[in-house]
Amino acid sequence: MHEVKRASAVVAYLLTACTAGVGVPTSEGTTTSQPPALTTSTLAPIPPTTVTITATNFAFSPATVTIGAGDTVHWVLGEGSHTTTSGTPAAPDGQWDQIIASPVTITFNQAGQFPFFCRFHPSMQGMVVVP
Ligand SMILES: [Cu+2]
């Protein structure tokens, strides 16, 4: 019996706590500040971006990049001597083949998957994905 009474007291307390805030006046204007409304009608087209791939430690970093059509990939040299060559070591496709002495810049305007590798170190491979 004693336990039941105690539980009832707790319930009564909780009810009081829950309803305590109701009806208490709050001062408007000091409690919240609304963030500016977002509008979608003024969004500009996404400008082309440039993604950098670094050839270093016998690897391309990052090895795979996903970009948008019209975006540019920039291959830069971290260390050593490397190329960016389109295709795979077994099947270079001839789209590009350049030593990464100064940065190599290629813009991808069409969707597709564009594998590339290093002619000097065929284990260095990567992929440009344009969805
Ligand atoms: Cu290399």
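This section describes the confidence, fold, sheets and local backbone features of a predicted model of one protein chain.

The protein chain has an average pLDDT of 81, and 68% of its residues reach a score of at least 70. Confidence is under 50 throughout residues 1-27, a segment for which the model has one contact beyond four places in sequence.

The secondary structure of the protein chain consists of one helix and nine strands. In sequence order these elements follow the pattern α-β-β-β-β-β-β-β-β-β, with the helix placed ahead of the strands. Of the 131 residues in the protein chain, 15% count as buried. Considering contacts between residues at least 6 apart in sequence, 51% connect residues that are at least 24 apart.

The strands described here belong to two open sheets, taken in turn below. One open sheet is built from four strands in the order β2-β1-β4-β7, with mixed pairing. The edges of this sheet are occupied by β2 and β7 (104-108); each has a single partner strand, so one side of each is left without a neighbour in the sheet. Direction ignored, neighbouring strands of the four-stranded sheet are turned by 25° against each other on average. Within this sheet, β1 and β2 are paired in the antiparallel sense over three bridges. Thr54 has Ser61 of β2 as its bridge partner.

The other open sheet comprises five strands in the order β3-β9-β8-β5-β6, and its pairing is likewise mixed. At its edges stand β3 and β6 (91-99), each of which pairs on one side only. From one strand to the next, the twist of the five-stranded sheet averages 20°. An antiparallel pairing over two bridges joins strand β5, residues 83-88, to strand β8, residues 112-117. In this part of the model, Thr85 stands opposite Phe117 of β8. In general, the strands of a sheet pair through backbone hydrogen bonds, in either a parallel or an antiparallel manner.

Backbone features that call for attention occur in the loops on either side of β2. On the N-terminal side, the loop between β1 (50-56) and β2 contains Asn57. The phi angle of Asn57 is positive, about 55°, although this residue is not a glycine. Asn57 has 11 C-beta neighbours inside 10 Å and therefore counts as exposed. Phe58 is likewise placed in the loop between β1 and β2, and its phi is near 55°, a positive value in a residue other than glycine. Because 13 other C-beta atoms lie within 10 Å of Phe58, this residue is classed as partly exposed.

On the C-terminal side of β2 (59-61), the loop leading to β3 (64-66) includes Pro62. The peptide bond from Ser61 to Pro62 adopts the cis form, with omega near -10°. Ser61, which contributes to this cis bond, is also the residue of β2 that is bridged to Thr54. The edge strand β2 thus follows a loop with two positive phi values, those of Asn57 and Phe58, and precedes the loop that holds Pro62.

Conventions. Residues are numbered from 1 along each chain as its sequence is written. This is a predicted model: local features need pLDDT of at least 70, side-chain atom pairs count only at pLDDT 80 or more; totals for chains, interfaces and linings use all residues. A residue is buried if 20 or more other C-beta atoms lie within 10 Å of its own, exposed if 12 or fewer, and partly exposed in between; C-beta atoms are placed from the backbone. Two residues are in contact if their C-beta atoms, placed from the backbone, lie within 7 Å. Two strands pair if DSSP finds at least two bridges between them. Axes are lines fitted to C-alpha atoms, for helices over the stretch in contact, and angles run from 0 to 180 degrees between N-to-C directions. pLDDT is the predictor's confidence in each residue, from 0 to 100.
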